[in-house]
Amino acid sequence: GCRAAKGATSVIPIVMASVGDAVASGLVESLAKPGGNITGLVFFDPEISAKRVELIKEAKPDTAVIAYLTNPENISWQSNIRAIENAVLKLKLELHVIKARTANEIGGAFESMSGKRVNAVLIQQDPMLYTNRKVIVELAKKRRMFSVGAPEIAESDGLIGYGANFLDLYRRSAAFVDKIFNGANPGDIPVEQPSKFDCVINLKT
């Protein structure tokens with residue numbers, strides 16, 4: 001998305017509606033001073049991932065082993081893992097990083113979890129994994145693991161969903177477009193962070 005747009009032009013203004021880590025991915029120089037032709041909104045992906053680890057432990061204090069299901073094609077996966085590793089260290093959890101680049105690799109990813117005594121699956125906020133969230137949640141349930149991720153994970157029969165409210169981000173992105181249409185330089189408009197977060201717990205699950 002934004003990486004392709006940035007590669008296509010350094011002149012046409014680009015507004016990000018929801019990017020996980022714009023600095024780590026090289027889209028902007030800093031949040032306060034983006035530089036270049038890109039500005040918009042980010043959703044704290046690494047920090048949210050760490051918060052989801054804390055929610056796992058709060059929901060089930062006896063959790064000992066978690067898996068992080070990630071798509072390594074996603075540019076924010078490494079910064080997410082660093083944040084998750086810090087969180088699991090504080091909570092004395094065992095972490096397994098499990099990769100799936102395509103939908104066809106998801107089944108194999110869960111097979112690799114089977115022998116690792118995984119209690120909970122933390123799902124990266126990634127477009128491919130999001131599209132296949134119902135399959136992922138069902139595979140986790142079959143293996144008696146509970147799943148945690150974006151709010152839509154809980155809505156798809158996972159246990160916990162936590163994250164930025166994307167409808168709010170999309171609405172706020174219109175203000176950036178308005179500023180640019182009124183002559184502002186996108187490189188001078190600070191990148192904004194979420195002000196509204198949703199936490200969803202599926203009581204049935």
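Let me start with a pair of side chains, those of Glu-192 and Arg-172, which meet in a salt bridge with 2.5 Å from N to O. Glu-192 sits in the loop between α8 and β8, which spans residues 197-201, while Arg-172 belongs to helix α8, so the pair ties together parts that are 20 residues apart in sequence. As for its surroundings, Glu-192 is partly exposed, with a relative accessible area of 27%. I should say at once that what we are looking at is a predicted model.

That pair belongs to a longer list, since the count of salt bridges comes to nine. Another of them joins Arg-143 to Glu-111, where the closest N and O atoms are 2.8 Å apart. Here Arg-143 is in the loop between α6 and β6 (146-149) and Glu-111 is in helix α4, so this pair ties together parts that are 32 residues apart in sequence. Arg-143 is partly exposed at a relative accessible area of 25%, whereas Glu-111, at 52%, counts as exposed.

A further salt bridge stays within one helix: Glu-138 and Lys-141 both lie in α6, three residues apart, which is about one turn of the helix, and their closest N and O atoms are 3.6 Å apart. Glu-138 counts as partly exposed at 36% relative accessibility, and Lys-141 counts as partly exposed at 39%. These two residues are also linked with Asp-157 in a network of salt bridges.

Let me return to helix α4, the home of Glu-111, and ask which of its residues are buried. In this helix, which runs over residues 106-113, they are Ile-106, Ala-109, Phe-110 and Met-113. Seen down the axis of α4, these buried residues fall within an arc of 95 degrees, so they line one face of the helix. What covers them includes the strands β3 (65-70), β4 (94-99) and β5 (120-123), together with the helices α5 (127-131) and α6 (133-142).

Finally, the pockets. The largest pocket has a volume of about 800 Å³, and its lining is made up of 33 residues, of which Ser-18, Phe-43, Gln-125, Pro-127 and Phe-166 lie nearest its centre. The elements that give two or more residues to this lining are α1 (2-8), β1 (14-19), α5, α7 (151-155) and α8 (166-181), and the largest share, four residues, comes from α7. Sorted by class, the lining has 17 nonpolar, eight polar and eight charged residues.

Terms used. Residues numbered from 1 in each chain as written. Predicted model: local features only at pLDDT ≥ 70, side-chain atom pairs only at ≥ 80, totals over all residues. Heavy atoms only, no water. Buried < 20%, exposed > 50% of the residue type's maximum accessible area, 1.4 Å probe, protein only. Arc of directions from axis to C-beta. Contact = heavy atoms within 4.5 Å. 1 Å grid on protein atoms, 1.4 Å probe; cavity = no way out; pocket = protein on both sides within 12 Å on 5 of 7 lines; lining within 4 Å. Points joined across faces, edges and corners; volume = space filled by probe spheres on them. Nonpolar A, V, L, I, M, F, W, Y, C, P; charged D, E, K, R; others polar. Salt bridge = Lys/Arg side-chain N within 4 Å of Asp/Glu carboxyl O.
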